[in-house]
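Please read the following report with the sequence and the structure side by side. It goes through a sheet, the helices on it, the cores and a few unusual residues.

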Amino acid sequence: MRRQQLDIQLKTPEQIEKMRAAGLVVAAALQRMREAVAPGVSTGDLDAIAESVIRAAGAVPSFKGYHGFPASICSSVNEQIVHAIPAPDQVLHEGDLISIDCGAVLDGWHGDAAITVGVGRVDPALLRMAEVAEDAMWAGIAAAARGAANGRGRLTDISHAVETAVRKGGRYGIVDGYGGHGIGTEMHQDPHVLNHGRPGRGPRLVAGMALAIEPMITMGSPRTAELADGWTVVTRDGSVAAHVEHSMALLPDGVWVLTAPDGGRSRLGDLVTSRQPADTPAA
């Protein structure tokens with residue numbers, strides 16, 4: 001079933017269960033990489049960890065081969081915002097900030113999530129930026145859940161909630177042109193989900209929608225540039241960036257954060273669907 005105009009794929013609860021399985025594979029891979037991040041570790045090492053975890057679960061890395069992308073993760077360090085290609089010779093150093101984006105496809109359904117992690121001892125201001133990005137992501141997810149529940153929610157309510165949370169958190173650049181997206185039988189589907197904008201616009205938020213919510217913010221200007229590799233997006237002013245992401249789905253009785261081990265319950269409480277067990281531990 002697809003909504004007209006933007007071609008938004010609506011999922012059944014049973015299909016969302018399959019997406020949850022893919023999401024948990026992504027969560028496991030990200031947790032293993034979070035634990036491995038340290039000075040002296042290369043982004044190539046992290047990529048190998050991700051591929052191992054994903055394939056051991058019977059899944060396939062979503063990113064590898066996607067429009068020619070050569071790896072299982074995007075590993076964006078410091079001024080790199082998104083889509084950076086991991087490499088054995090890109091070694092992490094004390095004080096770096098790395099964003100790791102990871103996707104997996106299982107039984108034909110995709111999961112997609114990202115985390116930002118400090119390497120060793122990191123400037124508290126950078127860690128604060130990463131925290132603001134994460135809070136903004138959760139604010140966007142909560143806005144989606146409330147909007148679907150009251151029947152009045154629109155897509156840009158998510159965008160507005162993300163922007164409001166970022167502005168409340170401090171003076172950060174909100175990267176334009178990149179953002180969240182629909183997800184399901186393809187990794188990227190309609191609609192595009194901006195991280196800024198006025199509320200009350202766009203398609204209605206309804207049960208069956210599955211979206212990846214992914215704020216990207218910087219310590220300086222939001223202006224970007226793409227490197228010669230055709231993938232890596234960096235800040236033009238060289239400021240450090242943070243990128244976080246969760247995939248979530250709207251069900252008739254609440255939201256399900258498909259790539260969070262606890263389904264989002266620790267951050268969203270009763271907004272979470274009853275399909276997510278209440279006693280599942282958070283990451």
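Helix α4 (residues 155-169) lies across β10, β11 and β16, and runs at about 35° to β10. Helices (H or I, at least four residues) and strands (E, at least two) are DSSP runs, numbered from the N terminus. Angles run from 0 to 180 degrees between N-to-C directions, and axes are lines fitted to C-alpha atoms, for helices over the stretch in contact. Contact means heavy atoms within 4.5 Å.

The model is predicted: local features need pLDDT of at least 70, side-chain atom pairs count only at pLDDT 80 or more, and totals for chains, interfaces and linings use all residues. Residues are numbered from 1 along each chain as its sequence is written, and side-chain values use heavy atoms, with hydrogens and water left out.

The sheet under α4 is open and has five strands, in the order β10-β9-β11-β16-β17, with antiparallel pairing. Two strands pair if DSSP finds at least two bridges between them. β10 (189-193) and β17 (254-257) are the edge strands; each has a single partner, so one side of each has no neighbour in the sheet. From one strand to the next the twist averages 25°. Between β11 (residues 210-213) and β16 (residues 246-251) there are four bridges in the antiparallel sense, and alanine 210 stands opposite alanine 249 in β16. Helix α3 (residues 124-150) also packs on the sheet, where it touches β11, β16 and β17; its direction makes about 10° with that of β16.

Which elements give two or more residues to the largest nonpolar core? They are α3, α4, β11, β16 and β17, and α3 gives the most, with 12 residues. A nonpolar core is a set of buried Ala, Val, Leu, Ile, Met, Phe, Trp, Tyr and Cys residues joined through side-chain atoms within 4.5 Å. Buried means under 20% relative accessible area, exposed over 50%, and partly exposed in between (1.4 Å probe, protein chains only). The largest core has 39 residues, of which Ile141, Ile158, Ile213, Ile217 and Met248 touch the most other members. Not counting residues up to four places away in sequence, the contacts of methionine 248 include Ile141, Ile158, Ile213 and Trp256. A second, separate core has 26 residues, among them Val37, Leu46, Val77 and Ala113.

A search of the whole structure finds one aromatic pair. The ring centres of phenylalanine 69 and tryptophan 231 are 5.0 Å apart and the planes are at 80°, so the pair is edge-to-face. Rings of Phe, Tyr and Trp (its six-membered ring) pair if their centres lie within 6.5 Å; planes under 30 degrees apart count as stacked, over 60 as edge-to-face and the rest as tilted. The pair ties together parts that are 162 residues apart in sequence.

The table gives the burial of some loop residues.

| Residue | Loop | Relative accessible area |
|---|---|---|
| Phenylalanine 69 | between β3 and β4 | 3%, buried |
| Asparagine 78 | between β4 and β5 | 19%, buried |
| Histidine 83 | between β5 and β6 | 27%, partly exposed |
| Proline 252 | between β16 and β17 | 73%, exposed |

Most residues other than glycine have a negative phi, and most peptide bonds are trans. Asparagine 78 has a positive phi, near 55°, and histidine 83 has a positive phi, near 70°. The peptide bond from aspartate 190 to proline 191 is cis, with omega near 0°, and proline 191 is found in strand β10.
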